[in-house]
Amino acid sequence: METMPCHNQRVGSADASRQQQQQQAGTTDRDQDCSEQSVTGSGVVSRQLRFSEPGPGGDSPSPDSSSCCSGSGGGGCSCSGSNGVGPDTAPSPTLDMPVAAAPRLKLLPMNDQIRELQTIIRDRTSSRGDFVFSADRLIRLVVEEGLNQLPYTECTVTTPTGYKYEGVKFEKGNCGVSIMRSGEAMEQGLRDCCRSIRIGKILIQSDEDTQRAKVYYAKFPPDIFRRKVLLMYPILSTGNTVIEAVKVLIEHGVQPNVIILLSLFSTPHGAKSIIQEFPDITILTTEVHPVAPTHFGQKYFGTD
């Protein structure tokens, strides 16, 4: 699934010249690695994504309520490698997503710091202390970029030396909504960035008989229909839970185009399901990979 970049990214003339040379040589962005940068028609940087398929002995995406992507239970995720395959497994084919499939899917710009945090979270040998510490750091990065997607207004302030400074200020009228239970892990990161922001909650679980996601509890600010919503859910596996949560928000008067979904990891299937159901929603995540670390909630809260 091709992604659009988080805004405020720029590209120089050197990148444009390099892309033109690649086009003249008959190459395309599809042949580049996921860390390469390409120039879109609007002149902003877009990361070309390539998603690794699970290897012959690899795991397929688990439902949102699964305890671990490996099904080994209790010990965490078996996909400690960056490709989600074991050390003895050969590199697997890639799955390319077209740009038009997900125009509202945004990824944090990849760097070594984010990749290290992702590795610690995926490593089943990580201690719970290291896991929580790394998860909180990654959550903070996602939350801050999510806030960067919200509107700001220009303002002028006076410095202590008497000079005028042209700056911006954050517009009010936003709120957070966490999907219980794993979404609650992201609440503190949001409060650390927005001290007085209001946060609602939704509890969604799979029905034992039908196995369909069912809403058991929902509590929002009374004027949520006037607010922009940061919907928090760290792991997007099937996407069913988020789809049900968005339906509840719509029932309370919230339009999908003012919803920004904050997540840490997503599968291509989960992101595509949400985008197809609600094309106007914005999804912000750090990685799109077929194997999601679905043990996240259990390990973060110490119930694994």
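A salt bridge is taken here as a side-chain nitrogen of Lys or Arg within 4 Å of a carboxyl oxygen of Asp or Glu. The exercises below apply this and a few other criteria to a predicted model.

**Exercise 1. A network of charged side chains**

Decide which salt bridges K201 takes part in with E184 and E187, and establish which residues are joined into one network.

Solution. Begin with K201 and E184, whose side chains approach to 3.0 Å, N to O, a value that satisfies the criterion of within 4 Å. K201 lies in strand β10 (residues 198-206), while E184 sits in the loop between β9 (174-180) and α4 (187-193), so this salt bridge ties together parts that are 17 residues apart in sequence. Turn next to K201 and E187, whose side chains also meet in a salt bridge, at 2.5 Å from N to O. Here strand β10, which holds K201, is linked to helix α4, which holds E187, across 14 residues. Then follow the shared partners: salt bridges join E184, E187, R191 and K201 into one network.

The last step is the exposure of the members, for which buried means under 20% relative accessible area and exposed means over 50%. K201 is partly exposed because its relative accessibility is 23%, and E184, at 25%, is likewise counted as partly exposed. E187, in contrast, has a relative accessibility of 8% and therefore counts as buried.

**Exercise 2. A salt bridge across the sequence**

The whole structure contains seven salt bridges; for the one between E287 and R122, determine which elements it ties together and whether its two residues are buried or exposed.

Solution. The closest N and O atoms of E287 and R122 are 3.0 Å apart. E287 belongs to strand β17 (residues 287-288) and R122 to helix α2 (residues 112-122), so the salt bridge ties together parts that are 165 residues apart in sequence. For the exposure, E287 has a relative accessibility of 10% and counts as buried, and R122, at 4%, counts as buried too.

**Exercise 3. Strand β14 and the loop that follows**

Work out which way the side chains of strand β14 (residues 259-262) point, which strands pair with β14, and what surrounds S263.

Solution. In a regular strand the side chains alternate between the two faces of the sheet. In β14, I259 and L261 point one way and I260 and L262 the other, and all of them are buried. For the pairing, strand β12 (residues 228-232) runs parallel to β14 over four bridges, and strand β16 (residues 282-285) is also parallel to β14, over three bridges. L262 appears in both pairings, as the bridge partner of M232 and as the residue opposite L284 in β16.

Moving on along the chain, S263 is found in the loop between β14 and β15 (265-266), where its relative accessibility of 0% makes it buried. Its side chain is joined to that of T285 by a polar contact of 3.2 Å. When neighbours within four places in sequence are left aside, the residues in contact with S263 include V142, M186, Y233, P234, L284 and T286.

**Exercise 4. The length of helix α5**

Test whether the distance between the end C-alpha atoms of helix α5 (residues 240-251) agrees with the span expected at 1.5 Å a residue, and list the buried residues of the helix.

Solution. The expected span is 1.5 Å times one less than the number of residues. For the 12 residues of α5 the expected span is 16 Å, and the end C-alpha atoms are 17 Å apart, which agrees. The buried residues are T241, V242, I243, E244, A245, V246, V248 and L249. Just after the helix, G253 adopts a positive phi of about 95 degrees.

**Exercise 5. An aromatic cluster**

Among the four aromatic pairs of the structure, characterise the pair F131 and F296 and the pair Y300 and F301, and state which residues form a cluster.

Solution. The rings of F131 and F296 lie 5.5 Å apart, centre to centre, with 50 degrees between the planes, and the pair is tilted. F131 in helix α3 (residues 128-148) and F296 in helix α7 (residues 296-300) are 165 residues apart, and both are buried. Y300 and F301 form an edge-to-face pair, at 5.2 Å and 75 degrees, since planes over 60 degrees apart count as such. Y300 is buried at 12% relative accessibility, whereas F301 is partly exposed at 24%. Ring pairs thus link F131, F296, Y300 and F301 into a cluster.

Key:
Residues are numbered from 1 along each chain as its sequence is written. This is a predicted model: local features need pLDDT of at least 70, side-chain atom pairs count only at pLDDT 80 or more; totals for chains, interfaces and linings use all residues. Side-chain values use heavy atoms; hydrogens and water are left out. Buried means under 20% relative accessible area, exposed over 50%, partly exposed in between (1.4 Å probe, protein chains only). Two strands pair if DSSP finds at least two bridges between them. A polar contact is a pair of N or O atoms within 3.5 Å; within protein, one must be able to donate a hydrogen and the other to accept it, and residues adjacent in sequence count only if both atoms are side-chain atoms. Contact means heavy atoms within 4.5 Å. Rings of Phe, Tyr and Trp (its six-membered ring) pair if their centres lie within 6.5 Å; planes under 30 degrees apart count as stacked, over 60 as edge-to-face and the rest as tilted.
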